[in-house]
Amino acid sequence: MSDVILPVIDLDVFLAASPDSDAFAAECKKAADALVSYGALLLHDSRVSEEDNNTFLNLIEDYFAQPEHLLKQDERPELGYQVGVTLENTEKPKCAVDEPCLKVIARLDPAERPLDISAHSPDPKCRFFWKMSEKPPYETQYPSLNAPNVVPKAEGIRERWTPIMEKWGTSMKNAVEDLAEMTAIGLGLSRETFRDAGRYGPHLLAPTASDLVKYGRKDTILAGFHTDLNFLTIHGRSRYPGLNIWARNTGKRIPVKFPPAGRYLLVQAGKQLEHLTGGLIKAGYHEVVVNDATLQAIERRKAENPDRPLIRISSTFFWHLSSDYDLAPIPDLQEKARTIRADSINLGKVDLDEETIYEPMKVGQQVQNELRHIALMA
Ligand SMILES: [Fe+2]
């Protein structure tokens, strides 16, 4: 385990400082560097309210506390589960069957490896996908990735659902889109590069839920070791720790710790960002497990809120590039990626990994390829 603290990027600086100022440029550079080095960062955004996060977590706890036959009504398997609910034991961590990924684990020091997923059946986590996308002004080649939202039917949840989902989702979307601008600037690209590429992306507010009564034993894998298939993933604070990430350059398992108070979000790089930067920024590996800190949080929650459902919610938002966007490495960034790789090989510093080829393809194609891997689409 490691005491690495992730870099903290201040969106307030980006929003308040003049674009010509040194402070502005430095904060953007810091954001890009953090993603290159760690594949993750903590984002400080004063516009995000902790109370909105709590309201959101309460709603999702109430939703997943419903009996399974009610939840089942919100499933849409024919749409690859890209809207509505996904119940537990459906999604498989890609890594359990994926050779390059197993090699990543094998290269880690045994003490820094994720919990063993080789015998792990599908993840015991449930999820809800709520679309936060803008309809494209053109006909998309990928309509099933752009299907309408599902609103739960149960009284007491139905009325609260849309306003709370939209409010929290919009906070996360604004924060992640601003960070996408900072990253573009920090990489030497024009400010709108990523924001424009993802303008019509099928963005998802995608809370996951793990039943801690059923799955609250130490060393239970709630989500097995994997990377995300989208561009950037952003999370609010969870009520239970358990998320571990691996920074590409340290080979260390890093338990994610939020500062104890304040308006912070966690951001991680996904596969689309890796592809577009030719591997300069790598998608970050992560897992969610029950560890000692999770157990302590469970005990505290039971004592302080005995009437609440004991469910671990993660308030995840997946920001995507537009499905019809042509995904291909940006030449300057790919060149930089090659230089960094060559340097690290010359220094004898890891990465005996074969060079990844980033084939040009539509984003929608990339998403479908990834979904097949994790058993969500036939
Ligand atoms: Fe993930």
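Reader: What makes strands 7, 12, 9 and 10 an open sheet?

Author: Happy to start there, keeping in mind that this is a predicted model. The 4 strands line up in the order 7-12-9-10, and their pairing is antiparallel. At the two edges are strand 7 (221-226) and strand 10 (253-255), each of which pairs on one side only. From one strand to the next, the twist averages 20°.

Reader: How do you know that strand 7 pairs with strand 12?

Author: Two strands count as a pair if there are at least two bridges between them. Strand 7 and strand 12 (residues 285-289) are joined by 3 bridges, so they pass, and they run antiparallel. In strand 12, His-286 is the residue opposite His-226.

Reader: And what joins strand 9 to strand 12?

Author: Here there are 4 bridges between strand 9 (residues 243-246) and strand 12, again running antiparallel. Leu-243 has Val-288 of strand 12 opposite it.

Reader: Why is strand 12 called mostly covered?

Author: A residue is buried if 20 or more other C-beta atoms lie within 10 Å of its own. In strand 12, 5 of its 5 residues are buried. In a regular strand the side chains alternate between the two faces of the sheet. Tyr-285, Glu-287 and Val-289 are on one side of strand 12, with His-286 and Val-288 on the other, and both faces are covered.

Reader: Which residues cover both faces of strand 14 in the same sense, by being buried?

Author: Strand 14 (residues 316-319) has Thr-316 and Phe-318 buried on one side, and Phe-317 and Trp-319 buried on the other. Strand 14 also has partners: 2 bridges connect it to strand 5 (residues 204-205), in the antiparallel sense, and 4 bridges connect it to strand 8 (residues 232-235), also antiparallel. Phe-318 stands opposite Leu-204 and is the bridge partner of Thr-233 as well.

Reader: Why are helix 2 and helix 6 described as roughly perpendicular?

Author: Two packed helices are described by the angle between their axes and the distance between the axes. For helix 2 (residues 22-38) and helix 6 (residues 158-186), the angle is about 90° and the axes are 7 Å apart. Angles of 65 to 115 degrees count as roughly perpendicular, so helix 2 and helix 6 earn that description. Among the residues that meet there are Cys-28, Ala-31 and Leu-35 in helix 2, and Leu-179, Met-182 and Ile-185 in helix 6.

Reader: How do you know that the buried residues of helix 11 are on the same side?

Author: The buried residues in helix 11 (residues 363-373) are Val-363, Gly-364, Gln-366 and Val-367. They cover an arc of only 160° around the axis, which puts them on the same side of helix 11. Their cover includes helix 8 (271-276), strand 15 (326-327) and strand 16 (361-362).

Reader: Stepping back, what makes up the whole chain, and why is it called as compact as a globular protein of its length?

Author: The secondary structure comes to 11 helices and 16 strands. The radius of gyration is 20 Å, and the globule rule gives 21 Å for 378 residues; the two values are close, so the chain is as compact as a globular protein of that length. The C-alpha trace spans about 55 × 50 × 45 Å along its principal axes, and 44% of the 378 residues are buried. Of the contacts between residues at least 6 apart in sequence, 83% join residues at least 24 apart.

Key:
Residues are numbered from 1 along each chain as its sequence is written. This is a predicted model: local features need pLDDT of at least 70, side-chain atom pairs count only at pLDDT 80 or more; totals for chains, interfaces and linings use all residues. The radius of gyration is taken over C-alpha atoms; the globule rule is 2.2 Å times the number of residues to the power 0.38. A residue is buried if 20 or more other C-beta atoms lie within 10 Å of its own, exposed if 12 or fewer, and partly exposed in between; C-beta atoms are placed from the backbone. Two residues are in contact if their C-beta atoms, placed from the backbone, lie within 7 Å. Axes are lines fitted to C-alpha atoms, for helices over the stretch in contact, and angles run from 0 to 180 degrees between N-to-C directions. The arc is that of the directions from the helix axis to the C-beta atoms. Angles under 35 degrees count as roughly parallel, over 145 as roughly antiparallel, 65 to 115 as roughly perpendicular and the rest as oblique.
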